[in-house]
Amino acid sequence: MKTLIVYTSVHHQNTEKVAKVMAEELGADLVPTEKAQPDTLAAYDLIGFGSGIYFMKHHKTLLQFVDLLPAMKEKRAFVFSTSGDGRKQHHASLKEKLVNRGFSIVDEFTCRGWDTVGPLKIFGGINKGRPDEKDLAEARAFAQGLKNKM
Ligand SMILES: Cc1cc2nc3c(=O)[nH]c(=O)nc-3n(C[C@H](O)[C@H](O)[C@H](O)COP(=O)(O)O)c2cc1C
C-alpha cells in the first residue's frame, strides 16, 4: 500500500512526532506541506493529512494546500492532529474540504500536544511532554489499523 503523509507542524513540532510514528508504521513517504507536490498524489493509495489545531481548525497552510488540489477519484485519506484540547471536532473543516476534492475519509486520529499559546506560556503551557510515549503508541496502533481498512 503506497502511502503519503502531508503535515504541517509549526508550534512545537508536536504533530511531526505523530506523523513520524505513523509514517514508520505504514512505510509512508512523509512530506511537509510546503514541499508536497499536488500532481504526485494520484500515485498513492492512501494519503494522510495532519497538523496542529489553530483557532479550531487545521493549520491554514494545510487547508490551503487541499483547496488547490485537483479533483481526486476514489482516493482514500485519513486526517490527524494534535491540539490543546484533543478534540476530533476540529477536523470538520479539513474533512469537508477533502470530501469536496473527491477523497473518502477512512479514519481520524488526534491527541493532545504541548500548547504555549498566549498567556499559557507564562505557566509553561498545558500538556507539557505531549505527545508522550502513550500518545505515540496510540498513533502507531492507529496506523496499524489503517492497513486493515485498505
Ligand atoms: C496560535 C495558536 C492557536 C491555537 N488554537 C488552538 C485551538 O483552537 N484549539 C486547541 O485545542 N489548541 C489550539 N492550539 C494549540 C495547538 O493546536 C497545539 O499546541 C498543537 O499541538 C500544535 O501542534 P504543532 O506543534 O504540530 O504545530 C493553538 C496554538 C497556537 C500557537
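Start by selecting P131, which sits in the loop between β6 (103-112) and α4 (133-149). Keep in mind as you look around that this is a predicted model. Now add R130 to the selection: a cis peptide bond joins R130 and P131, with omega at about -5°. Most peptide bonds are trans, and most residues other than glycine have a negative phi.

**Next stop: F55**

That second tendency leads to another spot to display. Go to the loop between β3 and β4 (57-58), where you will find F55. F55 is not a glycine, yet its phi is positive, at about 55°.

**On to the ligand**

Show the ligand and the residues around it. The shell holds 21 residues, and the ones that come nearest are S9, T15, I53, Y54 and T82. Colour this shell by class and you should count seven nonpolar, twelve polar and two charged residues.

Which backbone atoms should you pick out here? Try three residues in turn:

- V10: one of its backbone N or O atoms lies 2.9 Å from an oxygen atom of the ligand.
- Q13: a polar backbone atom of this residue is 3.1 Å from an oxygen atom of the ligand.
- G84: here the partner on the ligand is a nitrogen atom, 3.0 Å from a polar backbone atom of the residue.

Switch on a surface next. On its own the ligand has 650 Å² of accessible area, and the protein covers 88% of that. Then return to the cartoon and highlight α1 (14-26), β3 (46-54) and β5 (75-83), the elements that give two or more residues to the shell around the ligand. Of these, β3 deserves its own colour: the largest share of the shell, three residues, comes from β3.

**Last stop: the pocket**

Hide the ligand and look at the space it leaves behind. Rolling a probe the size of a water molecule over the atoms shows where empty space is left. The space taken by the ligand is the largest pocket, with a volume of about 390 Å³.

Which residues lie nearest the centre of this largest pocket? Select I53, Y54, G84, D115 and V117, which hold that position among the 21 residues of the lining. You have met some of these names already: I53 and Y54 are also among the residues that come nearest the ligand, and G84 offers a polar backbone atom to the ligand's nitrogen.

Finish by colouring the lining. Its residues divide into seven nonpolar, twelve polar and two charged. α1, β3 and β5 each supply at least two of them, and β3 gives the largest share, three residues.

Technical notes. Residues numbered from 1 in each chain as written. Predicted model: local features only at pLDDT ≥ 70, side-chain atom pairs only at ≥ 80, totals over all residues. Heavy atoms only, no water. Near = heavy atom within 4 Å. Polar contact = N/O pair within 3.5 Å; in protein donor to acceptor, adjacent residues only side chain to side chain. Areas by Shrake-Rupley, 256 points an atom, 1.4 Å probe, with all protein chains shown as cover. 1 Å grid on protein atoms, 1.4 Å probe; cavity = no way out; pocket = protein on both sides within 12 Å on 5 of 7 lines; lining within 4 Å. Sits in = over half its atoms within 2 Å of the grid points. Helix = DSSP H or I, 4+ residues; strand = E, 2+ residues; numbered from the N terminus. Nonpolar A, V, L, I, M, F, W, Y, C, P; charged D, E, K, R; others polar. Points joined across faces, edges and corners; volume = space filled by probe spheres on them.
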